[in-house]
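Trainee: I have a new model open and I'd like a close look at the part around the ligand. Could you walk me through that site, then work outwards to whatever surrounds it?

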Amino acid sequence: MKITVVGAGAVGATCADNIVRRELAEEVVLLDIKEGLAEGKSLDMFQTATLLDYDSRIVGSTNDYSKTAGSDVVVITSGIPRKPGMTREELIGINAGIVKTVTENLLAHSPDAIIVVISNPMDTMTYLALKASGLPKNRIIGMGGILDSARFKTYLSLAMNVPPSDLQATVIGGHGDTTMIPLTRLATYSGTPVAQYLDAEALKKVAADTMVGGATLTNLIGTSAWYAPGAAGALLVESIVRNQKRVFPCCVYLEGEYGQSDICLGVPVVIGRNGWEKIVDFELNADEQAAFNKSADAVRNMNSVLGT
Ligand code: NAI
């Protein structure tokens with residue numbers, strides 16, 4: 001198994017680190033456009049192999065895609081964050097250019113790869129990667145909902161004072177402060193609805209905290225987060241390469257499922273060796289479906305900037 005991670009910044013390097021620590025592939029390639037960055041971080045990581053007792057080999061590359069040849073899974077984290085004074089459309093334009101070029105370069109050397117998109121705005125970048133690549137829809141997966149669900153479980157855990165590992169909770173819809181939908185009705189603690197432990201007000205606060213989970217961290221750290229995003233990316237990669245068939249909320253192309261078409265949006269899917277293999281129907285109630293439709297409208301609006 002061979003895995004490539006493009007972008008050796010905070011998220012890409014953390015994702016690659018989790019991938020090698022879990023020995024998800026014999027070979028991992030970390031690639032970045034910035035001279036020396038991926039080589040340096042890869043060497044640093046490989047020097048932990050004997051300390052942490054793993055055998056995966058990680059190598060770095062400055063934009064040499066020949067090193068990525070034959071990858072089974074590729075993860076795209078390259079892009080730039082929004083800078084002061086920059087409009088969302090300008091950011092989309094720059095990151096769209098990066099994601100499109102990176103996707104084409106990757107596929108030229110790894111035509112059979114499954115593509116995981118992490119770069120923001122993730123729902124739009126996933127849609128772009130699908131349209132630019134012309135690949136079957138099952139091979140393009142956007143990662144956002146796994147992270148947002150982890151944040152949802154964390155806030156539930158804090159509010160309920162129970163271990164996060166006993167919680168099941170899912171965020172669907174877009175990967176944005178106003179577009180994500182924490183499904184409080186379906187969240188459970190050891191199989192029982194969390195509504196048995198938290199009143200409506202407390203649940204509302206958990207959902208609200210989840211939705212601004214990324215912004216809260218950006219305010220605290222001064223830049224966006226990387227530990228949980230990197231770990232979430234690696235968890236998704238693990239379900240692919242180990243064919244685990246785990247159900248995760250991922251951004252995938254919809255053709256009528258959840259009432260939406262020609263859009264990539266977060267829904268629960270089975271993840272295995274062929275990418276996303278099946279969309280799972282959570283049977284939304286009317287309010288949840290209305291929120292999902294609203295989320296789709298916002299993401300579709302953003303996609304229109306691409307002009308695809
Ligand atoms: P970063 O700035 O630390 O790293 C980005 C890296 O991409 C840089 O090292 C840069 O040199 C590289 N890069 C830029 N253009 C490139 C190109 N054409 N080819 C190869 N490498 C290129 O940013 P960070 O924090 O790692 O975030 C990466 C992306 O992930 C951002 O778009 C961010 O918004 C997004 N993100 C998405 C999350 C999700 O859940 N989907 C969560 C957290 C971040």
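**Around the ligand**

Mentor: Start with Val11, where a backbone N or O atom sits 2.8 Å from an oxygen atom of the ligand. Keep in mind as you look that this is a predicted model. Next to Val11 in sequence is Ala10, and there too a backbone N or O atom comes up to a ligand oxygen, this time at 3.0 Å. Asn120 does it with its side chain instead: one of its polar side-chain atoms is 2.9 Å from an oxygen atom of the ligand. How much of the ligand's accessible area does the protein cover? Taken on its own, the ligand has 860 Å² of accessible area, and the protein covers 84% of that.

Now widen the view to the shell of residues around the ligand. There are 24 of them, and the ones that come nearest are Val11, Asp32, Ile118, Asn120 and Met143. So Val11 and Asn120 turn up on that list as well as in the contacts, Val11 through its backbone and Asn120 through its side chain. As for secondary structure, helix α1 (10-21) and helix α4 (88-109) each give at least two residues to the shell. By class, the shell splits into 12 nonpolar, 10 polar and 2 charged residues.

Stay on Asn120 for a moment and follow the chain forward. The peptide bond from Asn120 to Pro121 is cis, with omega near -10°. That's worth a second glance, because most peptide bonds are trans. Pro121 itself is in the loop between β5 (114-117) and α5 (122-133), and α5 is our way into the next spot.

That spot is a cavity. The count of cavities of 30 Å³ or more comes to 1, and the largest cavity has a volume of about 50 Å³. It has 15 lining residues, with Met122, Gly144, Gly145, Gly173 and Gly266 closest to its centre. Helices α5 and α6 (145-160), along with strands β8 (171-173) and β12 (246-255), each supply at least two residues of that lining. Sorted by class, the lining has 6 nonpolar, 7 polar and 2 charged residues.

Two of those elements, α6 and β12, lead on to the second largest pocket, which holds about 450 Å³ of space. Of its 22 lining residues, Ser149, Lys153, Ala169, Arg246 and Phe248 are the closest to the centre. The elements with two or more residues in this lining are α6, α9 (227-241) and β12. Here the classes come out as 15 nonpolar, 4 polar and 3 charged.

While you're on β12, pick out Val247, which belongs to that strand. Is Val247 buried or partly exposed? Its relative accessibility is 43%, so it counts as partly exposed, sitting between the 20% and 50% cut-offs. Val247 also pairs up in space with Val269: they are 22 residues apart in sequence, yet their C-alpha atoms are 5.3 Å apart.

Past the end of β12 you reach Gln260, in the loop between β12 and β13 (261-272). With 8% relative accessibility, Gln260 is under the 20% cut-off and therefore buried. Its side chain makes a polar contact with the side chain of Arg300 at 3.0 Å. Further along, in strand β13, is Asp262. Asp262 isn't a glycine, but it has a positive phi of about 50°. Its relative accessibility is 35%, which makes it partly exposed.

Which other residue has a positive phi without being a glycine? Asn63 does, at about 60°. You'll find Asn63 in the loop between β3 (57-62) and β4 (73-76), and it's partly exposed at 38% relative accessibility. Both are worth marking, because most residues other than glycine have a negative phi.

One last stop, on the far end of β4. Thr77 is in the loop between β4 and α4, and α4 is one of the helices that supply the ligand shell. Thr77 has a relative accessible area of 16%, so it counts as buried. The side chain of Thr77 reaches the backbone oxygen of Gly7 at 3.2 Å.

Note on methods. Residues are numbered from 1 along each chain as its sequence is written. This is a predicted model: local features need pLDDT of at least 70, side-chain atom pairs count only at pLDDT 80 or more; totals for chains, interfaces and linings use all residues. Side-chain values use heavy atoms; hydrogens and water are left out. On a 1 Å grid over the protein atoms alone, a cavity is a set of points where a 1.4 Å probe fits but cannot get out, and a pocket is an open set with protein on both sides within 12 Å along at least five of seven lines; lining residues have an atom within 4 Å of a point. Grid points are joined across faces, edges and corners, and a volume is the space filled by probe spheres set on the points. Helices (H or I, at least four residues) and strands (E, at least two) are DSSP runs, numbered from the N terminus. Ala, Val, Leu, Ile, Met, Phe, Trp, Tyr, Cys and Pro count as nonpolar, Asp, Glu, Lys and Arg as charged, and the others, Gly among them, as polar. A residue is near a molecule or strand if one of its heavy atoms lies within 4 Å of it. A polar contact is a pair of N or O atoms within 3.5 Å; within protein, one must be able to donate a hydrogen and the other to accept it, and residues adjacent in sequence count only if both atoms are side-chain atoms. Accessible areas come from the Shrake-Rupley method with a 1.4 Å probe; for residues, only the protein chains shown count as cover. Buried means under 20% relative accessible area, exposed over 50%, partly exposed in between (1.4 Å probe, protein chains only).
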